[in-house]
Amino acid sequence: MNACDGSIQGFLVYGLPVVKEDDDLASLIRSHLQIQEGDVVCIASTIVAKSEGRFRKLDDYYPGPRATRIANTIEKDPRFVQAVLDESVEILLEKPFILSVTRFGHIGVNAGIDQSNVGEDRILLLPLDPQSSAERIRSRLGKDCAVIITDTCGRPFRCGVTGVAIGWSGIAALRDWRGVPDMNGRKLEITLEAIADEVAGMSNLLMGEAGDGTPVAVIRGLKYPKSGGSLFMPEEEDVIRPCLKR
Ligand code: GDP
Ligand code: MN
Ligand code: MN
């Protein structure tokens with residue numbers, strides 16, 4: 001049941017260009033990396049979004065009353081707040097920052113919209129459907145590997161940001177330990193391990209957040225289940241969400 005036979009390797013893919021709309025990420029990656037069977041290819045959502053043309057100009061947004069009200073409260077650009085509202089299906093917190101649910105079920109600050117690594121007066125929305133993006137890229141990588149699309153996120157109850165998986169393909173989101181005996185033979189009852197997030201955390205650690213220009217990391221030698229589960233908690237199982245909405 002161990003996740004590797006001794007050690008795993010994690011390394012960056014160097015030399016990738018600044019990604020533009022319609023760039024074929026799979027062939028870009030293949031031309032910079034000799035992929036091996038079982039590799040987990042982790043790709044920063046930033047470049048997936050760029051390749052999908054998810055850039056917007058702030059000037060393209062016309063803030064409505066809600067965006068204007070929130071923007072005044074938290075001292076943000078009202079055009080940016082309108083972009084966040086447009087990308088969200090539900091707002092869970094309006095202050096001291098906007099926490100919202102994206103169309104694909106991910107909960108994050110500012111709907112995951114980035115202003116870093118994109119240029120002046122421009123924003124970058126998250127990929128429209130990162131799960132489909134992961135599946136599409138994996139199908140074009142030409143090897144039996146896994147793909148994780150990562151984003152850097154804050155976590156409730158803990159300081160600091162880490163990488164999380166917002167799309168995955170060829171690897172389970174969750175490893176199910178239920179029913180497996182512990183060291184004393186007692187069967188585990190509730191442990192679902194968020195392996196796609198753990199791998200995303202490792203890749204984010206390698207990628208960095210600033211100007212390194214390394215949006216792809218590979219985790220090699222990991223043993224993992226190929227399918228199962230989702231990292232987006234169903235609303236009816238979430239005990240925190242109703243408290244935020246109170
Ligand atoms: P996020 O975590 O998905 O929001 O992405 P970040 O903005 O934190 O960027 C992650 C890594 O990718 C950093 O090392 C960036 O320098 C790098 N990066 C971002 N965009 C590009 C790009 O278009 N080309 C290359 N080569 N690297 C990029
Ligand atoms: Mn991001
Ligand atoms: Mn990041």
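In this predicted model, a backbone N or O atom of Ala210 lies 2.6 Å from an oxygen atom of ligand 1. Ligand 1, taken alone, exposes 590 Å², and the protein buries 95% of that area. Two side chains also take part in polar contacts with the ligand. Lys50 places a side-chain N or O atom 2.9 Å from a nitrogen atom of ligand 1, while a polar side-chain atom of Glu209 lies 3.0 Å from an oxygen atom of ligand 1.

The wider surroundings of the ligand are worth a look too. There are 23 residues around ligand 1, and those that come nearest are Pro17, Thr46, Asp114, Asn117 and Ala210. By character, the shell divides into nine nonpolar, nine polar and five charged residues. Helix H2 (45–51) and strand E8 each supply at least two residues of this shell. With four residues, H2 gives the most.

Some of these residues reappear at the metal sites. The manganese ion (ligand 2) is coordinated by Asp114 (OD) and Asp151 (OD), at 2.1 to 2.2 Å. Asp114 sits in the loop between strand E6 (107–109) and strand E7 (122–124), whereas Asp151 belongs to strand E8, so this pair ties together parts of the chain that are 37 residues apart in sequence. Asp114 is partly exposed, because its relative accessible area is 23%; Asp151 counts as buried, because its value is 7%. Asp114 thus has two roles in this description, as a donor to ligand 2 and as one of the residues that come nearest to ligand 1.

The second site is built around the manganese ion (ligand 3), whose protein donors are Thr152 (OG1) and Glu209 (OE), lying 2.1 to 2.2 Å from the ion. Here again the donors come from distant parts of the chain: Thr152 is in strand E8 (residues 146–155), and Glu209 is in the loop between helix H6 (195–207) and strand E12 (216–222), with 57 residues separating them. Thr152 counts as partly exposed, at 24% relative accessibility, and Glu209 is also partly exposed, with a relative accessible area of 42%. The manganese ions, ligand 3 and ligand 2, are 5.1 Å apart. Glu209 connects the themes of this section, as a donor to ligand 3 and as a polar contact of ligand 1.

Strand E8, which carries Asp151 and Thr152, is itself part of a paired arrangement. Nine bridges join E8 to strand E9 (residues 158–169), and the two strands run antiparallel. Together they form a hairpin with two residues between them, and Phe157 in the turn has a positive phi of about 75°. Next to this turn, Arg155 stands opposite Arg158 in E9.

A second hairpin is found elsewhere in the chain. Strand E4 (residues 88–93) and strand E5 (residues 99–102) run antiparallel and are joined by four bridges. Five residues make the connection in this hairpin, and Leu99 in E5 is the bridge partner of Leu93. The loop between E4 and E5 holds Pro96, and the peptide bond from Lys95 to Pro96 is cis, with omega near 5°.

Backbone geometry also draws attention to the loop between E6 and E7, where Asn110 and Ala111 are found. Asn110 has a positive phi of about 55° although it is not a glycine, and Ala111 likewise has a positive phi, near 55°. As background, most residues other than glycine have a negative phi, and most peptide bonds are trans. Asn110 is buried, with a relative accessible area of 13%, and Ala111 counts as buried at 4% relative accessibility. This loop between E6 and E7 is also where Asp114, the donor described above, is located.

Finally, two arginines combine burial with polar contacts. Arg241 lies in helix H7 (residues 241–245) and is buried, with a relative accessible area of 7%. The Arg241 side chain makes a polar contact with the side chain of Glu90, at 3.3 Å. Arg175, found in strand E10 (residues 175–176), is buried as well, with a relative accessible area of 11%. In this case the side chain reaches a backbone atom, the oxygen of Lys223, at 3.1 Å.

Notes
Residues are numbered from 1 along each chain as its sequence is written. Chains are lettered from A and ligands numbered from 1 in the order in which they are written. This is a predicted model: local features need pLDDT of at least 70, side-chain atom pairs count only at pLDDT 80 or more; totals for chains, interfaces and linings use all residues. Side-chain values use heavy atoms; hydrogens and water are left out. Donors are N, O and S atoms within 2.8 Å of the metal (3.2 Å for Na, K and Ca); water is not among the atoms, so sites may look incomplete. Buried means under 20% relative accessible area, exposed over 50%, partly exposed in between (1.4 Å probe, protein chains only). Two strands pair if DSSP finds at least two bridges between them. A polar contact is a pair of N or O atoms within 3.5 Å; within protein, one must be able to donate a hydrogen and the other to accept it, and residues adjacent in sequence count only if both atoms are side-chain atoms. A residue is near a molecule or strand if one of its heavy atoms lies within 4 Å of it. Accessible areas come from the Shrake-Rupley method with a 1.4 Å probe; for residues, only the protein chains shown count as cover. Ala, Val, Leu, Ile, Met, Phe, Trp, Tyr, Cys and Pro count as nonpolar, Asp, Glu, Lys and Arg as charged, and the others, Gly among them, as polar.
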